[in-house]
Amino acid sequence: MLRAYLYLLFFVPFTLSCSITAIAGTLFDATGAFAHKCSRFWSRWGLSLAGIKIEVEGLENVPGDGPLIFMGNHQGNFDILALSLAIPRRFSWIAKKELFAIPLFGEAMRRAGYIPLDRSDGRRALKSMNAAAERIRSGSSVVVFPEGTRTKDGNLLPFKRGGFLLAAKAGVPILPFTINGSMKINPRNRIELYPGTLRISFARPVATATGQDKDQAQLMEQVRLAIAAGLE
């Protein structure tokens, strides 16, 4: 626990510093590319000082161009930092709207091109989904955790339909990924922090389905099997 508290003493001000740098950088680069570089810098040092190494497999399955929806399991708090380095191309996060209200951090997310999702009611959620689909069709790749939250025991939780509806609206492939080791490094709802290796593997892209319920169910199962196949 001492290791975790010492890490937080560094990580919180470091996060604020990177957020300020990303915001300032957008004054000269409105594309969000500089902000994305700040995110990778933040992730690299955040992992390094926590004693976490990452191993990546299946990069040959990641197309070099064209928008994608990266979709995988969610084991721990360090998944986001690890994916920021593992994914070999620029992408955006789809995050709940509340995160964008965090001073400095939320503004840095917005300027990096991350996409807020308002889940307060059905109408706002649909509006957010349509805006996200339009952003993806225009060329942005995004990351989605279909479980919606972190697992407690390493097993896959039931998938929510939102990410698959988004894929159908955007008409882009889904690229499944599997994370291993994150839960042991920082267990859910606990302060402990253990050094270790976090492994990420990418499967082959999966073509999206139509909006029909039967096709959506088959797509969800196909992606679930691809993610589960990589679990250790």
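How many disulfides does the structure hold? Zero. Keep in mind through all the views below that this is a predicted model.

**View 1. Two cysteines that are not in a disulfide.**
A disulfide is a covalent bond between the sulfur atoms of two cysteines. Take Cys-18 to begin with: it is in no disulfide, and the nearest cysteine sulfur, that of Cys-38, sits 6.7 Å away. Cys-38 is likewise in no disulfide, with the sulfur of Cys-18 as its nearest cysteine sulfur at 6.7 Å. Buried or exposed? Cys-18 is buried at a relative accessible area of 11%, and Cys-38 counts as buried at 10%.

**View 2. The largest nonpolar core.**
This core has 41 residues. Those with the most contacts inside it are Phe-70, Phe-78, Leu-83, Phe-177, Ile-200 and Phe-202. Helices H1 (2-25), H2 (33-49), H3 (79-86) and H4 (105-111) each give two or more residues, and so do strands E3 (92-96), E6 (174-180) and E7 (196-202). Which of the elements gives the most to this core? That would be H1, with seven residues.

**View 3. Ile-200 and the company it keeps.**
Zoom in on Ile-200, one of the residues with the most contacts inside the largest core. Once neighbours within four places in sequence are left aside, Ile-200 is in contact with Glu-55, Val-56 and Glu-57, with Ala-82, Leu-83 and Ala-86, and with Phe-177, Thr-178 and Ile-179. Apart from the largest core lies another one, of 22 residues, and Met-71, Met-129, Ala-170 and Ile-174 are among them.

**View 4. A tilted pair of rings on helix H2.**
Search the whole structure and you find 13 aromatic pairs. One is Phe-41 with Trp-45: their ring centres are 6.5 Å apart and their planes meet at 55°, so the pair is tilted. Both residues lie in helix H2, four residues apart, which is about one turn of the helix. Phe-41 is partly exposed, with a relative accessible area of 40%, and Trp-45 also counts as partly exposed at 40%.

**View 5. An edge-to-face pair across two strands.**
What kind of aromatic pair do Phe-177 and Phe-202 form? They are edge-to-face, at 6.5 Å centre to centre and with 65° between the planes. Phe-177 is in strand E6 and Phe-202 in strand E7, so this pair ties together parts that are 25 residues apart in sequence. Both Phe-177 and Phe-202 are buried. They also belong to one aromatic cluster, together with Phe-70, Phe-91, Trp-93 and Phe-145.

**View 6. A charge over a ring.**
Here the partners are Arg-224 and Phe-159. The charged end of Arg-224 sits over the Phe-159 ring, 4.9 Å from the ring's centre.

**View 7. The buried side of helix H6.**
Helix H6 covers residues 162-170. Its buried residues include Gly-163, Phe-164, Leu-166, Ala-167 and Ala-170. These cover an arc of only 155° around the axis, which puts them on the same side of H6. Ala-170 turns up in the 22-residue core as well. After H6 comes Gly-171, with a positive phi near 70°.

**View 8. A non-glycine with positive phi.**
Most residues other than glycine have a negative phi. Leu-104 is not a glycine, yet its phi is positive, about 65°. You'll find Leu-104 in the loop between E3 and H4. At 37% relative accessibility, Leu-104 counts as partly exposed.

**View 9. Ile-185 in helix H7.**
Ile-185 is found in H7, which runs over residues 182-185. At 2% relative accessibility, Ile-185 counts as buried. Not counting residues up to four places away in sequence, Ile-185 touches Ile-52 and Phe-78, plus Glu-192, Leu-193, Tyr-194, Gly-196, Thr-197 and Leu-198. Gln-75 is 110 residues away along the chain, and its C-alpha atom is separated from that of Ile-185 by 9.7 Å.

**View 10. Ser-92 in strand E3.**
Ser-92 lies in strand E3 and is buried, with a relative accessible area of 7%. Which residues does Ser-92 touch, not counting those up to four places away in sequence? They are Gly-113, Tyr-114, Ser-141, Val-142 and Val-143. The C-alpha atoms of Ser-92 and Ile-20, 72 residues apart along the chain, are separated by 19 Å.

How values were computed
Residues numbered from 1 in each chain as written. Predicted model: local features only at pLDDT ≥ 70, side-chain atom pairs only at ≥ 80, totals over all residues. Heavy atoms only, no water. Core = buried A, V, L, I, M, F, W, Y, C linked by side-chain atoms within 4.5 Å. Buried < 20%, exposed > 50% of the residue type's maximum accessible area, 1.4 Å probe, protein only. Contact = heavy atoms within 4.5 Å. Phe/Tyr/Trp six-rings, centres within 6.5 Å; stacked < 30°, edge-to-face > 60°. Lys NZ or Arg CZ within 6 Å of the ring centre and 35° of its normal. Arc of directions from axis to C-beta. Disulfide = S-S within 2.5 Å.
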